[in-house]
Amino acid sequence: MLQIAERIRADVSTAMKAGERDRVAALRLILSELQKAEKEGGADELAVLRRERKRRREAEATFRENGRPELADKEAAEAALIEAYLPQELSDAELDALVKAGVEATGASSPRDMGRVIKHVMEAAGGRADGKRVSTKVKEALN
């Protein structure tokens, strides 16, 4: 399988040839973050992409709250671009099944055990579920 950084490099040159300036700029930013993480100790590419997507989503929300829809739309577009390089998210049914299995495997019985269950589910999900979503589902299951 091609590394994500290599796919992004190829997509940058394709976007440059097509004259897609905004796409080129966004892809270069992502590529820069991936290269920086690699120099700092080889962080997981998917973890870097998830972090960058989360930053874009937070910036989008902030811009919308402050009445700047044009900037919010730009951040949303960049988040969507990043998502194209991430694995498909788990469906609600798949996540519910993982949470149920996590509760059973850890013997969790109350909200105090949430951390253990979340850790178990996140490992089982293999990066295909957002931490916030997992936390919400585990909280529902334990209450």
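Arg 50 sits in helix 3, and this residue is a good place to enter the model, which is a predicted one. How exposed is Arg 50? Its relative accessible area is 23%, so Arg 50 counts as partly exposed, because that class begins where the buried class, under 20%, ends. Setting aside neighbours within four places in sequence, Arg 50 is in contact with Asp 44, Leu 86 and Gly 127. If you want a longer distance to check in your viewer, try Val 99: Arg 50 and Val 99 are 49 residues apart in sequence, and their C-alpha atoms are 21 Å apart in space.

Arg 50 also takes us to the largest pocket, since it is one of the lining residues. With it in the lining are Arg 53, Lys 54, Glu 58, Met 122, Gly 127, Ala 129, Asp 130, Gly 131 and Lys 132. Notice that Gly 127 appears here as well as among the contacts of Arg 50. How much space lies in this pocket? The volume is about 280 Å³. As for how such spaces are found, rolling a probe the size of a water molecule over the atoms shows where empty space is left.

Which helices supply the lining? Helix 3, residues 45-65, and helix 7, residues 131-142, each supply at least two residues. Helix 3 gives the largest share, with four residues. In terms of chemistry, the lining of the largest pocket has six charged residues, along with two polar and two nonpolar ones.

Let us step back to the whole chain. The protein chain has seven helices and zero strands, so its pattern along the sequence reads α-α-α-α-α-α-α, with helices and strands taken as DSSP runs. The C-alpha trace spans about 55 × 40 × 30 Å along its principal axes. The chain has 143 residues, and 32% of them count as buried. About 9000 Å² of the protein chain is exposed, with carbon and sulfur atoms supplying 51% of that area. Among contacts with a separation of 6 or more, 55% are between residues 24 or more positions apart.

Now for the interior. The largest nonpolar core has 18 residues, and those with the most contacts inside it are Ile 4, Ile 8, Leu 27, Ile 30, Leu 34, Leu 49 and Tyr 85. Helix 1 (4-18), helix 2, helix 3 and helix 4 (69-83) each give two or more residues to this core. Which helix gives the largest share of this core? Helix 2 does, with seven residues. To see how parts of the chain meet here, follow Ile 4: not counting residues up to four places away in sequence, Ile 4 touches Leu 34, Glu 45, Leu 46, Leu 49 and Tyr 85. Apart from this core lies another, of 13 residues, among them Leu 90, Val 103, Met 114 and Ala 129. Ala 129 is a useful link, as it is also in the lining of the largest pocket.

Ala 129 leads on to Val 134, whose place is in helix 7. Is Val 134 buried or exposed? Val 134 has a relative accessible area of 0% and is therefore buried, as the cut-off is under 20%. Beyond its neighbours within four places in sequence, Val 134 is in contact with Leu 95, Ile 118, Val 121, Met 122 and Ala 129. Met 122, like Ala 129, lines the largest pocket. Val 134 and Val 117 are 17 residues apart along the chain, and 9.4 Å separates their C-alpha atoms.

Back in helix 2, two adjacent residues are worth a look. Ser 32 lies in this helix, residues 21-39, and is partly exposed, with a relative accessible area of 36%. The C-alpha atoms of Ser 32 and Ala 5 are 9.4 Å apart, with 27 residues of separation in sequence. Glu 33 is also found in helix 2. Why does Glu 33 count as buried? Its relative accessibility is 14%, and buried means under 20%. Leaving out residues up to four places away in sequence, Glu 33 touches Val 48, Arg 51, Glu 52 and Arg 55.

The last stop is Glu 94, found in helix 5, residues 92-106. Glu 94 is partly exposed, with a relative accessible area of 38%. Between the C-alpha atoms of Glu 94 and Glu 123, 29 residues apart along the chain, the separation is 14 Å.

Key. Residues are numbered from 1 along each chain as its sequence is written. This is a predicted model: local features need pLDDT of at least 70, side-chain atom pairs count only at pLDDT 80 or more; totals for chains, interfaces and linings use all residues. Side-chain values use heavy atoms; hydrogens and water are left out. On a 1 Å grid over the protein atoms alone, a cavity is a set of points where a 1.4 Å probe fits but cannot get out, and a pocket is an open set with protein on both sides within 12 Å along at least five of seven lines; lining residues have an atom within 4 Å of a point. Grid points are joined across faces, edges and corners, and a volume is the space filled by probe spheres set on the points. Ala, Val, Leu, Ile, Met, Phe, Trp, Tyr, Cys and Pro count as nonpolar, Asp, Glu, Lys and Arg as charged, and the others, Gly among them, as polar. Buried means under 20% relative accessible area, exposed over 50%, partly exposed in between (1.4 Å probe, protein chains only). Contact means heavy atoms within 4.5 Å. Accessible areas come from the Shrake-Rupley method with a 1.4 Å probe; for residues, only the protein chains shown count as cover. A nonpolar core is a set of buried Ala, Val, Leu, Ile, Met, Phe, Trp, Tyr and Cys residues joined through side-chain atoms within 4.5 Å.
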